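Hello,

I am passing a structure on to you, and I hope you enjoy looking through it. Please open it beside this email and follow along.

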Amino acid sequence: MRVLVIGGSGAVGTLVLPTLVQHHDITVFDLKPPAANVAVDYVSGDLRDVDAVRRAVEGIDALVFMAMGPLAGWGQPDNARTHLEVSVAGLYTALNAAHDAGVRHAVYTSSMSVYAEPGELPGRERYPDETVPPDATNFYGLAKRLGEEVCRNAVQAWGMSVVALRLCHPVADHEFPRRDGLAATICTSARDTARAILAALDFQGHGFEAFAISGDGAEKVVSLRKAREVLGWTPLDSTAQATTT
């Protein structure tokens, strides 16, 4: 399958591209080239350049959108605005261009941050499952929430199918698991993150679907039931196993 990965040079792309290229013909669209350790086609471009995005989607079979705002200045007004611009205007531009090019399927790397964290709301000891509407109010969670709405619009307006993967702290395999706070329970290895994207690329023609993706194999705070039963995905690397060995 010919897959365009928008934002593939970022943190998540660096983790998953070595696996994705083993299964699909990958082209990366980004402001900067991807890491040197993976051989993929690269198109330099900015999501604000509509014509560049339209050229990039020509001839592809599926789209993976993992672009996000920068880490520098996290949460400052300009930084928050950029995250919102990428997740709303940028994602809309990409999906609209893909639709016009005849592309029928896309994968959006969302985040479990679409929900307020356990302990942030009264009575919330675990993350809600996918039946509960997202409720985060911080800038990043809001950006990802609105991104999912853009994906739903692509399904309703253009008949595309879009899978939103609510990722939980993707981390390099050799650094798994993380040891800090909530991330120690919910972080996800690079290979499991890549496996989720591959499964999502294959899960076509089902409208809009969101899935929680986490290394929380014991499901202490994240329910993986939908990913397991519908997407056919469970983590090979479990934080529960890692902390007991």
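Below is what I found, going from the sheet to single residues.

Please keep in mind that this is a predicted model.

Let's begin with the sheet. It is open and has seven strands with parallel pairing, in the order S3-S2-S1-S4-S5-S6-S9. Strand S3 (41-44) and strand S9 (208-213) are the edge strands, and each of them pairs on one side only. On average, neighbouring strands of this sheet are turned by 20 degrees against each other, direction ignored.

At the S9 edge, you can look for strand S6 (residues 161-167), which pairs with S9 in the parallel sense over six bridges. Arginine 166 has alanine 212 in S9 as its bridge partner. Helix H4 (residues 139-158) lies across strand S5 (105-111), S6 and S9, and it runs at about 160 degrees to S5.

Now for two loop residues. Is valine 103 buried or exposed? Valine 103 sits in the loop between H3 and S5. Its relative accessible area is 1%, and under 20% counts as buried, so valine 103 is buried. Among the residues it touches are Val57, Ile60, Leu63 and Met160.

Leucine 71 is in the loop between strand S4 (62-65) and helix H3 (77-100). Its relative accessibility is 64%, and the cut-off for exposed is over 50%, so leucine 71 counts as exposed. Together with Met68 and Trp74, Leu71 makes a nonpolar surface patch of about 320 Å².

Have fun exploring, and write back with any questions!

Best wishes

Key
Residues numbered from 1 in each chain as written. Predicted model: local features only at pLDDT ≥ 70, side-chain atom pairs only at ≥ 80, totals over all residues. Heavy atoms only, no water. Patch = residues over 30% accessible without salt bridge, like charges linked within 9 Å, V, L, I, M, F, W, Y side chains within 5 Å. Areas by Shrake-Rupley, 256 points an atom, 1.4 Å probe, with all protein chains shown as cover. Salt bridge = Lys/Arg side-chain N within 4 Å of Asp/Glu carboxyl O. Helix = DSSP H or I, 4+ residues; strand = E, 2+ residues; numbered from the N terminus. Buried < 20%, exposed > 50% of the residue type's maximum accessible area, 1.4 Å probe, protein only. Pairing = 2+ DSSP bridges. Axes fitted to C-alpha atoms, helices over the stretch in contact; angles between N-to-C directions. Contact = heavy atoms within 4.5 Å. Lists of a residue's contacts leave out its neighbours within four places in sequence.
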